[in-house]
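Work through the exercises below with the model open. Try each task before reading its solution.

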Amino acid sequence: MSETLFTKKSCDHSTSETDLVVSGDRLTLRVFAQAANSTERFERRDLSGTFTVDAAGEIAVPGIGRLPIAGQGPACLEGPVRTALAAEMDISATVTASFETRPPVLIQGTVISPGSYEFTPNLSVRALLAKAGADGGTADTALYRTLEARRRELRTLRAGLMLRHARLTAQRAGAQDLSLPSDRVKSLHTQLGRDRVHGETAVLQAALAETALRKARDVAIRADLENTLEIAKTRRNSVRARYALLSRQRDQLEADIGEDCRGRCGTSRRYDELRFDTLNGRLGDLDLTVEDAESRVSEARHALDRHDRDVAFSYAQADSKLALSVAETLAERNALDAEIVSVDAQIMDLGGTADSTIRVERRRGSQIQTLEVHKDFRLLPGDLVIVEPPDDTILVSAEGHQE
């Protein structure tokens, strides 16, 4: 029955949005019936009462049932209830409906006194901020402006350090971009400008290109050293083989000479003996050549080892320098954080929240609508106002959790 009697079309009253019923409202419904055989009217207390609008936007009326009312003015109840009483209970009645109490507005975040505040008609965000100690209306103007300028400066500096930290971290990891979440990039664009962010990315890519060029050069140098070592080894092996061959020839010749002469050669020197002496001389010369070949192999191997040590040391030194830069950036950022907290505290003491992000969460039936608003935005009963630091501060907090 309520679905046919109670619709938006049944209510012709012009009502402003602030006077529309929302979940949590308490409505007073009074029913006046005409006495039998009399023109006098009296209140039917069994039918009158105060009713709370539930989360579904309905109230439960005795003898009638559940009626949807959210999104309409209280007066929109009067006609449907009067019609229902006549149809269901044969009662001719006059019905009035009005607000008993309305849900408070809530505020949380970076304000001095978060909590719930009584809703009043035409309540604005600015008025609520003043109640919660966050509007800066009583602040010393000169000091307030000085602190605000300093806070903006500090946050800009901090955004620059965030960007530098991202670049150094990416450089250490060998990443081709800053690898930042899109919301943080958006905040940096707002705080520093797109050119600054793109410039830092260009610096990163230039540093990575230089590192890649250096690695390629080191690889080429190592390849040359390895080639030199292989050449030295090949020459040494060739000399060794030549020395071994001559040694076998000399030993064989010596054995043959001993077998042929058997002590009867006397002082005459045979041709084979001259050959024997020649082989000994050549072997003596090859001894020096073998030593030189061994020396060159050793030098080539030492040069290769020295190159590997120098490259490893150089890379470790570069990484250590980057790590130190990251640590110094974090230290600078922590110092700025402390100063920002101090300035924010001074601004809060003056009652200020300039540059804060203000969001309103408003229930629309079973859905919650989130609005980013300005200070002159008009609030409705049950609204939740969330006052947050600027985007860069929020992202800083997120970054700190990641680290």
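**Exercise 1. Work out the strand order of the five-stranded open sheet, then its edges and its twist.**

Solution. The order is S8-S7-S11-S9-S10, with mixed pairing. Strands are DSSP runs of E with at least two residues, helices are runs of H or I with at least four, and both are numbered from the N terminus. Two strands pair if DSSP finds at least two bridges between them. Next, the edges: strand S8 (115-117) and strand S10 (367-372) each pair on one side only. Then the twist: neighbouring strands of this sheet are turned by 25° against each other on average, direction ignored. Axes here are lines fitted to C-alpha atoms, for helices over the stretch in contact, and angles run from 0 to 180 degrees between N-to-C directions.

This is a predicted model: local features need pLDDT of at least 70, side-chain atom pairs count only at pLDDT 80 or more, and totals for chains, interfaces and linings use all residues. Residues are numbered from 1 along each chain as its sequence is written, and side-chain values use heavy atoms, with hydrogens and water left out.

**Exercise 2. Characterise the pairing of S7 with S11.**

Solution. Take strand S7 (residues 105-109) and strand S11 (residues 384-388): they run parallel and are joined by 4 bridges. For the register, Gln108 stands opposite Ile386 in S11.

**Exercise 3. Which residues does Ser356 touch, beyond those up to four places away in sequence?**

Solution. Locate Ser356 in the loop between helix H7 (271-349) and strand S9 (357-364). Its contacts (heavy atoms within 4.5 Å) are Thr110, Val387 and Glu388. Check one pair by C-alpha distance: Ser356 and Val387 are 6.5 Å apart in space, yet 31 residues apart in sequence.

**Exercise 4. Find the residues that touch the most other members of the largest nonpolar core.**

Solution. Start with the criterion. A nonpolar core is a set of buried Ala, Val, Leu, Ile, Met, Phe, Trp, Tyr and Cys residues joined through side-chain atoms within 4.5 Å. Buried means under 20% relative accessible area, exposed over 50%, partly exposed in between (1.4 Å probe, protein chains only). The core has 22 residues, and the answer is Leu29, Ile59, Ile69, Leu77 and Leu85. Strand S1 (26-34), strand S4 (58-61), helix H2 (78-89) and strand S6 (93-101) each supply at least two residues. S1 gives the most, with 4 residues. A second, separate core of 18 residues includes Val105, Phe119, Val125 and Val385.

**Exercise 5. Describe S4: its faces and its partner.**

Solution. Ile59 and Val61 point to one face and are buried. Glu58 and Ala60 point to the other face and are not buried. S4 pairs with strand S5 (residues 65-68) in the antiparallel sense, over 4 bridges. Ile59 stands opposite Leu67 in S5. The two strands form a hairpin with 3 residues between them. In the turn, Gly63 has a positive phi of about 80°.

**Exercise 6. Are Asp90 and Asn122 buried or exposed?**

Solution. Asp90 is in the loop between H2 and S6. Asp90 counts as exposed because its relative accessibility is 71%. Asn122, in the loop between S8 and helix H3 (125-131), is at 52% and so counts as exposed. Now check the backbone. Most residues other than glycine have a negative phi. Asp90 has a positive phi near 55°, and Asn122 has a positive phi near 65°.
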